Amino acid sequence: MNKTKGLFITATGTDVGKTYVTGLIVKKMRDAGFNCGYYKGAISGADSVAQSDAGYVNKFAGIGQSEDSLVPYLYKEAVSPHLAAKIENKPIEMAVVKAGYAKNAASFNYLTMEGSGGIVCPIRHDDKEKIQLEDFIKELSLPSLIVADAGLGTINYVVLTVEYMKARNLPIKAIILNNYSGGIMQEDNIKMIEEMTNIKVAALVKKGDTELDIAAEALAAFYE
Ligand SMILES: Nc1ncnc2c1ncn2[C@@H]1O[C@H](COP(=O)(O)OP(=O)(O)O)[C@@H](O)[C@H]1O
Ligand SMILES: [Mg+2]
C-alpha cells in the first residue's frame, strides 16, 4: 500500500508567506527524493495559472505538474474566493476540489495543499451551499502547518489561529515563522508561541531565503 500523505498549509492571514514557504517545503522534499506535489482549491487575483501561487511553486520546486492539476478554480478578481466566484459566476463545488486532490494523489506520495487567505476564509456562500476553507481540510482529513510572520503582533495572530483550529478539531503539526530577522523580540515570539500553543516552531525563514533550515525527513513526518 502506498497511500498518499497530505499536508495543508495555512497562515495567520493573506500575504504572510504561505506560497513562498510552500515553495521552500516542496523544493526541499523533492531535492531529497520525496515525490511531492502541490495543490490549491481556489486561487483569486490571478490572470493565469502560471502567474499564480500554483505556477510559482510548480516552477520554484521544479515539480513539472500540468496547469490543470494544480488548481481547479482560478479567478481574476483579487477578493475572497466566495466573492470572486460570485462575481465571475463560477461557484466552487466541493466534489470538484476533492476530485482534483484525488487525481494528484495518484501521481504523488506527498501532496501539499495551500489554503486561501487565513484559516477563516469563505469559499462559497450562496443560497445553495456554504463552504468554508476548513471544510477542505476536514473533507480531505489533512493535518495543517501554520505560516506566521516572525515580527510584532504575531503572538496574537498565531494564538487566535491555533485556538480556532483546536476548537474545530483541525490538527496542527507545526508553525513556521517567516521574515525572521532575529533580535530579542522575535526570539521571545518563538518562545511565547511555543509555550502558549504547545506547538513547535519548526523553522525560521529569512527574507530572500532559498533553502528551508529543516531536514526533509522532518518535513515528511508532518504529512499524514
Ligand atoms: N521570506 C521571504 N522573502 C522574500 N519575499 C517573501 C518572503 N515571504 C514572502 N515573500 C513575498 O511576499 C509576498 C506575499 O507572500 P506569499 O507567499 O504570496 O503570501 P500568501 O501565500 O500567504 O498570500 C510575495 O510577493 C512573496 O514573494
Ligand atoms: Mg499564496
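Which residues does Lys 40 touch, not counting residues up to four places away in sequence? They are Asp 53, Leu 70, Val 71, Pro 72, Glu 114, Gly 115 and Ser 116. The structure on display is a predicted model, and this tour proceeds from Lys 40 to other places in it.

**Stop 1: Lys 40**

Select Lys 40 and show its side chain. The residue belongs to strand β2, which spans residues 36–40. An unreviewed UniProt entry assigns the feature "active site" to Lys 40. Lys 40 has a relative accessible area of 5%, and because buried means under 20%, the residue counts as buried.

Now add Glu 114 to the selection. Lys 40 and Glu 114 form a salt bridge, in which the closest N and O atoms are 3.4 Å apart. Lys 40 is placed in strand β2 and Glu 114 in strand β5, so this pair ties together parts that are 74 residues apart in sequence. Both partners, Lys 40 and Glu 114, are buried.

**Stop 2: the magnesium ion**

Keep Glu 114 selected and display ligand 2, the magnesium ion. Three residues coordinate the ion: Thr 19 through OG1, Asp 53 through OD and Glu 114 through OE, at 2.1 to 2.2 Å. Along the chain, these donors follow the spacing T-x33-D-x60-E. Thr 19 is part of helix α1 (residues 18–31) and Glu 114 is part of strand β5 (residues 110–114), so the two together tie parts of the chain that are 95 residues apart in sequence. Thr 19 and Glu 114 are both buried.

Two of these donors have already appeared in the tour: Asp 53 and Glu 114 are among the residues that Lys 40 touches.

**Stop 3: Lys 18**

Move next to Lys 18, which also lies in helix α1. Is Lys 18 buried or exposed? Lys 18 is buried, yet it has no salt bridge. The nearest side chain of opposite charge is that of Glu 114, 4.6 Å away. A salt bridge requires a side-chain nitrogen within 4 Å of a carboxyl oxygen, so a separation of this kind does not qualify.

Where, then, does the side chain of Lys 18 reach? Its target is the backbone oxygen of Gly 117, at 2.9 Å. To view the surroundings, select the residues in contact with Lys 18, leaving aside neighbours within four places in sequence: Ile 9, Thr 10, Ala 11, Gly 13, Glu 114, Gly 115, Ser 116, Gly 117 and Val 147.

**Stop 4: Asn 178**

From Val 147, one of the contacts of Lys 18, continue to Asn 178, which is also in contact with Val 147. Asn 178 is found in strand β9, residues 172–178. It is buried, with a relative accessible area of 5%. Apart from neighbours within four places in sequence, the contacts of Asn 178 are Val 16, Gly 17, Val 21, Val 147, Ala 148, Asp 149, Ala 150 and Val 205.

**Stop 5: Ser 44**

Select Ser 44, in strand β3 (residues 42–44). The UniProt annotation "binding site", from an unreviewed entry, covers this residue. Ser 44 is partly exposed, at a relative accessible area of 25%. Its side chain reaches the backbone oxygen of Val 79 at 2.7 Å. Besides Val 79, Ser 44 touches Tyr 75, Glu 77, Ala 78, Ser 80, Pro 81 and Ala 84, not counting residues up to four places away in sequence.

**Stop 6: further salt bridges**

How many salt bridges does the count come to? The count is 13. Two further examples merit selection.

Begin with Glu 134 and Arg 168, whose closest N and O atoms are 3.0 Å apart in their salt bridge. This pair links distant parts of the chain: Glu 134 is in helix α6 (residues 133–139), while Arg 168 is in the loop between α7 (154–167) and β9, 34 residues apart. Glu 134 counts as buried, at 6% relative accessibility, whereas Arg 168 counts as partly exposed, at 33%. Elsewhere, salt bridges that share partners join Glu 93, Arg 124, Asp 126 and Glu 129 into one network.

Within that network, select Arg 124 and Asp 126, which form a salt bridge with closest N and O atoms 2.8 Å apart. Arg 124 is buried, with a relative accessible area of 4%, and Asp 126 is partly exposed, with 22%.

**Stop 7: Leu 160**

End at Leu 160 in helix α7. At 55% relative accessibility, Leu 160 counts as exposed. A final selection is Ala 202: the C-alpha atoms of Leu 160 and Ala 202 are separated by 19 Å, and the two residues are 42 residues apart along the chain.

Note on methods
Residues are numbered from 1 along each chain as its sequence is written. Chains are lettered from A and ligands numbered from 1 in the order in which they are written. This is a predicted model: local features need pLDDT of at least 70, side-chain atom pairs count only at pLDDT 80 or more; totals for chains, interfaces and linings use all residues. Side-chain values use heavy atoms; hydrogens and water are left out. Donors are N, O and S atoms within 2.8 Å of the metal (3.2 Å for Na, K and Ca); water is not among the atoms, so sites may look incomplete. Helices (H or I, at least four residues) and strands (E, at least two) are DSSP runs, numbered from the N terminus. Buried means under 20% relative accessible area, exposed over 50%, partly exposed in between (1.4 Å probe, protein chains only). UniProt positions are given in the numbering used here, feature names are shortened, and annotations may be inferred rather than shown by experiment. Contact means heavy atoms within 4.5 Å. Lys and Arg count as positive and Asp and Glu as negative; His and the chain ends are not counted. A polar contact is a pair of N or O atoms within 3.5 Å; within protein, one must be able to donate a hydrogen and the other to accept it, and residues adjacent in sequence count only if both atoms are side-chain atoms.
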